[in-house]
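These are my notebook entries on one protein model. I record what I looked up, entry by entry.

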Amino acid sequence: DARRGDGPGDIYRFWFETGELKQLTDDPAMDGHPDFSPTGDRIVFTSMRSGNVDIWMMDASGQHPVRLTDHPDRDWHPRWEPTGDRILFSSSRDGAGDIWVVRSDGTNLTKLTSMPGLTDRAVWSPDGKRVLFEYDDDLWLVDSNGGKPTRLTDFPGREGNATWSPDGRTIAFVSDRT
């Protein structure tokens with residue numbers, strides 16, 4: 001996603017092979033946080049086009065946008081499950097922010113975390129069995145069907161922006177502990 005000038009953010013697609021850049025959204029409201037489906041045919045994203053921050057989905061060409069969540073509080077940072085069945089996102093619908101999951105057709109909304117304060121930037125493990133997220137300036141892990149979260153880091157400073165290795169055995173993250 002990117003902002004051009006003073007306008008709201010939009011979603012763009014860039015092809016490395018050809019250098020082509022295509023703007024996929026052009027709405028007066030903000031569109032951002034895009035994530036391709038595992039098959040590459042759909043994109044899930046955050047948008048304010050409904051007047052609220054909700055999760056939307058569209059074709060990879062930018063066509064046929066469909067709203068997946070509809071709640072007066074904010075929903076943001078959507079991420080596809082590796083199987084393409086579910087979408088993970090953060091939401092303030094029950095307070096400061098927790099991690100939620102919804103099926104890719106917008107049904108079966110499930111809350112994964114219930115922690116005081118903001119939980120954010122959740123990412124699926126490559127096998128889809130675990131979810132890594134940020135909470136209280138540290139990294140945490142929870143089963144993808146819910147359960148008690150486990151703290152992975154406990155250092156002075158902030159850890160975040162984590163990603164899994166393709167084999168799911170290690171995690172890379174940013175830290176300001178030094």
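I call a residue buried under 20% relative accessible area, exposed over 50% and partly exposed in between, with a 1.4 Å probe and protein chains only. By that scale I entered Phe14 as partly exposed, because its relative accessibility is 42%. The model is a predicted one, in which local features need pLDDT of at least 70 and side-chain atom pairs count only at pLDDT 80 or more, while totals for chains, interfaces and linings use all residues. Residues are numbered from 1 along each chain as its sequence is written, and side-chain values use heavy atoms, with hydrogens and water left out.

**Entry 1: overall form**

I began with the secondary structure, taking helices (H or I, at least four residues) and strands (E, at least two) as DSSP runs numbered from the N terminus. The protein has 16 strands and 0 helices. Its radius of gyration is 16 Å, close to the 16 Å of the globule rule for 178 residues, so the protein is as compact as a globular protein of that length. That radius is taken over C-alpha atoms, and the rule is 2.2 Å times the number of residues to the power 0.38. Along the principal axes, the C-alpha atoms fill a box of roughly 40 × 40 × 35 Å.

I then looked up burial and surface. Of the 178 residues, 44% are buried. The accessible surface comes to about 9,400 Å², and carbon and sulfur atoms hold 48% of it; the areas come from the Shrake-Rupley method with a 1.4 Å probe, and for residues only the protein chains shown count as cover. I also looked up contacts, meaning heavy atoms within 4.5 Å. Among contacts with a separation of 6 or more, 25% join residues 24 or more positions apart.

**Entry 2: the open sheet**

I counted two strands as paired if DSSP finds at least two bridges between them. An open sheet of 4 strands has the order E3-E4-E5-E6, with antiparallel pairing. Strand E3 (31-36) and strand E6 (66-67) are at its edges and have a single partner strand each, so one side of each is left without a neighbour in the sheet. Strand E5 (residues 54-59) pairs with E6 over 2 bridges, in the antiparallel sense. Within E6, Val66 is the residue opposite Met57.

**Entry 3: strand E9 and its partners**

How many residues of strand E9 are buried? I found 5 of its 6 residues (98-103) buried, so the strand is mostly covered. Strand E8 (residues 86-91) runs antiparallel to E9, and 6 bridges join them. Leu88 has Val101 of E9 as its bridge partner. The hairpin of E8 and E9 has 6 residues between the strands, and Gly95 in the turn shows a positive phi of about 135°.

On strand E10 (residues 110-111), I found antiparallel pairing with E9 over 2 bridges. Val101 appears again here, opposite Thr110 in E10. E9 and E10 also form a hairpin with 6 residues between them, and its turn includes Gly106 with a positive phi of about 90°.

**Entry 4: aromatic rings**

A pair of aromatic rings is described by the distance of the centres and the angle of the planes. I let rings of Phe, Tyr and Trp (its six-membered ring) pair if their centres lie within 6.5 Å; planes under 30 degrees apart count as stacked, over 60 as edge-to-face and the rest as tilted. The search of the whole structure gave 2 aromatic pairs. Phe14 and Phe16 have ring centres 5.4 Å apart and planes at 90°, so I entered the pair as edge-to-face. Phe16 is exposed, at 73% relative accessibility. The Tyr135 and Trp140 rings have centres 5.6 Å apart and planes at 75°, so this pair is edge-to-face. Tyr135 is buried at 12% relative accessible area, and Trp140 is buried at 12%.

I next looked for charges over rings, where NZ of Lys or CZ of Arg must be within 6 Å of the ring centre and within 35 degrees of the ring normal. The charged end of Arg93 sits over the Trp100 ring, 5.3 Å from its centre. Arg177 has its charged end over the ring of Phe155, 3.5 Å from the centre.

**Entry 5: positive phi outside glycine**

Most residues other than glycine have a negative phi. I noted Arg121, which is not a glycine, with a positive phi of about 50°. Arg121 belongs to strand E11 (residues 119-124) and is partly exposed at 37%. Asp137 has a positive phi near 65°. I placed Asp137 in the loop between strand E12 (130-135) and strand E13 (138-143), and its relative accessible area of 41% makes it partly exposed.
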